[in-house]
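Colleague: Before I use any of these labels myself, I would like to hear the reasoning behind a few of them.

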Amino acid sequence: MVSVLPDVVPDEERTGRDRLYDVAAYLFSFVIATATLVDTWDQIPSWLRPVGIVVGIAAIVSLRWRRTHPAAVGIGIGVVALVILTASGANLVATFNAAIRSRGRDLAIIAGLAIAWAVVNPMLYPPDTSYAFDAGASLLMAGTAIGWGLFVRARRRLVRTLLDDADRAGDEARAAERRRIAREMHDVLAHRLSLLSVHAGALEFRPGAPPEEVAEAAGVIRESARAALEELRGVIGVLREDGTESLTEPPQPTIADLGALVEESRAAGMRIADRIEIGDAAPSAAAGRTAYRIAQEGLTNARKHAPGAAVTLTVRSPDGDLQVEVRSLAPVAVAAGPSLPGAGTGLIGLAERVTLAGGELEHGVDRDGAFVLRARLPR
């Protein structure tokens, strides 16, 4: 069944083009009604002439509601046009409108009335030409009205489908971008803030530390806070909706930054053994960036959930693919302060990132009781 298209627009919202179409429909109906009335004047009984004029005007006026009630207007005018010739023009307009807006069953009734109008009218009002010619011309006009209306209907449906698809694509693109930003925010801020928490905890639980160590820890806290604020500013800049501020996205880390990441974690008190062997051919930018994020997430999780544990970071490419592994043993001591909260989305976001890079990610506890985060990435 053909559905009704929701294209009824209130009068106050109608455009100048819509009003022009209305004027054209009324004018067309009036011209056809006048021409048929003049052509059949002698064939119409005198008592029926004023009736024909009034009914013809009423049919034209009823077109005012053709958009809101396409079936009622189409069927009503179609029935009247069978016997009152002055409603012929309005009947063609109503049939065209019904082909655009009416449901399948209503449209079938209106199409049947249009065909009956083309067949019956030449019988009631014999033309100067042959009956076959007049009936054929009327059938052609009725068929044109229906066919043109169905074409307009299909075109509108196609346009609306394309617009809906474009809206959905836009929504999906925005959602994907926000997920990407959420991953970046987690990867960056979780690492920075965990470093800040470790050094702040050292100051809190070692009040009698030498001034040099206190100054060093305070410097790390200040630098971590500054870096976190800069990175947060970049993320918020991407999320801005008004576009009033143009911000350049900070450069993304690569595999060459792994050394700095390891040293930064060692400075926070982690025991890390690293083995980075990637050969002479550097991996692609996407693979290097993903490898960095994997290592960053693994070290951050080890620092948060296994404080004091020995951690091994391995990055190598034995068979062409890039392999990244972060292995952390069970913690050797319980943290003096409360554990750092986790959002529970780090590994989920990391899995999405690895999948987008065409790689594989696995994580879990091995037979030795160590937690292993391992990924394989195409170079």
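Modeller: Let us begin in the sheet, bearing in mind that this is a predicted model: in β5, Phe 371 is the bridge partner of Ser 328.

Colleague: What makes β3 and β5 a pair of strands?

Modeller: Two strands pair if at least two bridges are found between them; β3 (residues 322-328) and β5 (residues 371-377) are joined over seven bridges, in the antiparallel sense, and therefore meet that condition.

Colleague: Which helices pack on the sheet, and what do they touch?

Modeller: Helix α9 (residues 285-305) touches β1, β2 (310-316), β3 and β5, and its direction makes about 5° with that of β3. Helix α10 (residues 346-356) touches β4 and β5, with a direction at about 150° to that of β4.

Colleague: What is the order of the strands in this sheet, and what makes a strand an edge strand?

Modeller: The sheet is open and has five strands in the order β1-β2-β3-β5-β4, with mixed pairing. An edge strand pairs on one side only, as do β1 (271-277) and β4 (360-365). With direction ignored, neighbouring strands of the sheet are turned by 5° against each other on average.

Colleague: Turning to α3, how do you know that its length fits a helix of 12 residues?

Modeller: At 1.5 Å a residue, a span of 16 Å is expected for α3 (residues 70-81), and the helix reaches 16 Å from its first C-alpha to its last, which is close to that expectation. Its buried residues are Pro 70, Ala 71, Val 73, Gly 74, Ile 77, Gly 78 and Ala 81.

Colleague: Why do you say that the buried residues of α3 line one face of the helix?

Modeller: Seen down the axis of α3, those residues fall within an arc of 170°, so they line one face. What they pack against is α2 (48-62), α4 (88-101) and α5 (104-124).

Colleague: Why is Asn 97 called buried?

Modeller: Buried means under 20% relative accessible area, and Asn 97 is at 2%, so the term applies. This residue lies in helix α4 and, leaving aside its neighbours within four places in sequence, is in contact with Arg 66, Arg 67 and Pro 70.

Colleague: How much of the protein is buried, and how many helices and strands does it have?

Modeller: Of the 379 residues, 36% are buried, while the secondary structure comes to 10 helices and five strands.

Note on methods: Residues are numbered from 1 along each chain as its sequence is written. This is a predicted model: local features need pLDDT of at least 70, side-chain atom pairs count only at pLDDT 80 or more; totals for chains, interfaces and linings use all residues. Side-chain values use heavy atoms; hydrogens and water are left out. Helices (H or I, at least four residues) and strands (E, at least two) are DSSP runs, numbered from the N terminus. The expected span of a helix is 1.5 Å times one less than its number of residues. Buried means under 20% relative accessible area, exposed over 50%, partly exposed in between (1.4 Å probe, protein chains only). The arc is that of the directions from the helix axis to the C-beta atoms. Contact means heavy atoms within 4.5 Å. Axes are lines fitted to C-alpha atoms, for helices over the stretch in contact, and angles run from 0 to 180 degrees between N-to-C directions.
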